[in-house]
Amino acid sequence: MFTGIIESVGTVTSISGLARGLRICIATGLAGDLIEGESIAVDGVCLTAVSIEQGLFFADVSPETVRVTSIGAMKIGSIVNLERALAATGRFGGHVVQGHVDDVGTVTEITREVDFWRVKIGYPDGLLPYIVYKGAVAVDGISLTVARIGQGEFDVQIVPFTWDHTNLNSCSSGDQVNLECDIIGKYVAQILKSGCLESDG
């Protein structure tokens, strides 16, 4: 489990095919703190560090993950957000992030507002029930608050620290981002859909 508080950014240094999936290599200062088999969120996607070298780690990406996330669009040189799994003694600074991406959104506009930035993100219609005003959403693994909901898009406002310490400062309009909605909202929607709360009377 993750919290959406990005620890560091890394740089994709190689991408190779692997039985229809991918093996990616990421350069990061976090590599020295990883152990093989450990979970790490890469742009919000929970991956496993399968091999670690000096300043590098490798992760395998399944065909399904390539299909439903933005990882398939990564290139050598791409900057990615990184977060290790939450330790039992760690602080819970963001919200519950599983690293299970719901869908891919698209950055539609980035506007600077004095010292802050407003980012508009288009999202698929299927996510509408889970995008809540003032609610939490993970964008490329970053725990953010929905500042506005429009027709097919939502806004988030980015504070300077987050802008400086994540890959958002390298984003442009048209870029794909991984979206993971709040798991609590998804459970509530599923319960209501299944009718489990209906009274027998």
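Which residues is G93 in contact with, leaving aside its neighbours within four places in sequence? In this predicted model, those residues are T3 and I5. G93 is placed in the loop between β6 (79–84) and β7 (103–113). The C-alpha atoms of G93 and I5 are separated by 6.7 Å, although the two residues are 88 residues apart along the chain. With a relative accessible area of 56%, G93 is exposed, because the cut-off for that class is over 50%.

The strands are considered next. Strands of a sheet pair through backbone hydrogen bonds, in either a parallel or an antiparallel sense. One barrel is closed by 6 strands in the order β1-β2-β5-β4-β3-β6, with antiparallel pairing. From one strand to the next in this barrel, the twist averages 45°. β1 and β6 are joined over 4 bridges and pair in the antiparallel sense. Within this pairing, T11 has I79 in β6 as its bridge partner.

Strand β1 covers residues 8–18 and includes T13. Leaving aside neighbours within four places in sequence, T13 is in contact with C25, I26, A27, L56 and I76. The C-alpha atoms of T13 and I79 lie 9.8 Å apart in space, while the two residues are 66 residues apart in sequence. The relative accessible area of T13 is 34%, so this residue is classed as partly exposed.

Another barrel is formed by 6 strands in the order β7-β8-β11-β10-β9-β12, and here too the pairing is antiparallel. The twist in this barrel averages 45° from one strand to the next. Strands β10 and β11 run antiparallel and are joined by 4 bridges. G150 stands opposite E153, which belongs to β11.

The nonpolar cores were also examined. The largest nonpolar core has 22 residues, and the members that touch the most other members are I121, I131, V139, F154, V156, I158 and L179. Two or more residues of this core come from each of β8 (116–122), β9 (136–139), β10 (142–150), β11 (153–158) and β12 (176–181). A second core, separate from this one, has 19 residues, among them V45, L47, M74 and V80.

F154 illustrates the surroundings of a residue in the largest core. Not counting residues up to four places away in sequence, F154 touches V119, K120, I121, Y123, I131, V137, V139, V146, R148, I149 and L179.

The count of aromatic pairs comes to 2. In one of them, the ring centres of W117 and W163 are 4.4 Å apart and the ring planes are at 0°, so the pair is stacked. This pair links distant parts of the chain, with W117 in strand β8 and W163 in helix α2 (residues 160–165), 46 residues apart. Both W117 and W163 are buried. Another pair is formed by Y123 and F154, whose ring centres are 5.8 Å apart; their planes are at 40°, so this pair is tilted. Because Y123 lies in the loop between β8 and β9 and F154 in strand β11, the pair ties together parts that are 31 residues apart in sequence. Y123 and F154 are both buried.

Backbone angles were then considered. Most residues other than glycine have a negative phi. D43 is not a glycine, yet its phi is positive, near 50°. This residue is found in the loop between β3 (39–42) and β4 (45–53). D43 has 5% relative accessibility and so counts as buried, since the cut-off for buried is under 20%. D140 likewise has a positive phi of about 50° and is not a glycine. The loop that holds D140 runs between β9 and β10. With a relative accessible area of 3%, D140 is buried.

Helix α3 spans residues 183–194 and has 12 residues; at 1.5 Å a residue, the helix should span 16 Å, which agrees with the 16 Å between its end C-alpha atoms. Just after α3, G195 takes a positive phi of about 75°.

Technical notes. Residues are numbered from 1 along each chain as its sequence is written. This is a predicted model: local features need pLDDT of at least 70, side-chain atom pairs count only at pLDDT 80 or more; totals for chains, interfaces and linings use all residues. Side-chain values use heavy atoms; hydrogens and water are left out. A nonpolar core is a set of buried Ala, Val, Leu, Ile, Met, Phe, Trp, Tyr and Cys residues joined through side-chain atoms within 4.5 Å. Buried means under 20% relative accessible area, exposed over 50%, partly exposed in between (1.4 Å probe, protein chains only). Contact means heavy atoms within 4.5 Å. Rings of Phe, Tyr and Trp (its six-membered ring) pair if their centres lie within 6.5 Å; planes under 30 degrees apart count as stacked, over 60 as edge-to-face and the rest as tilted. Two strands pair if DSSP finds at least two bridges between them. Axes are lines fitted to C-alpha atoms, for helices over the stretch in contact, and angles run from 0 to 180 degrees between N-to-C directions. The expected span of a helix is 1.5 Å times one less than its number of residues.
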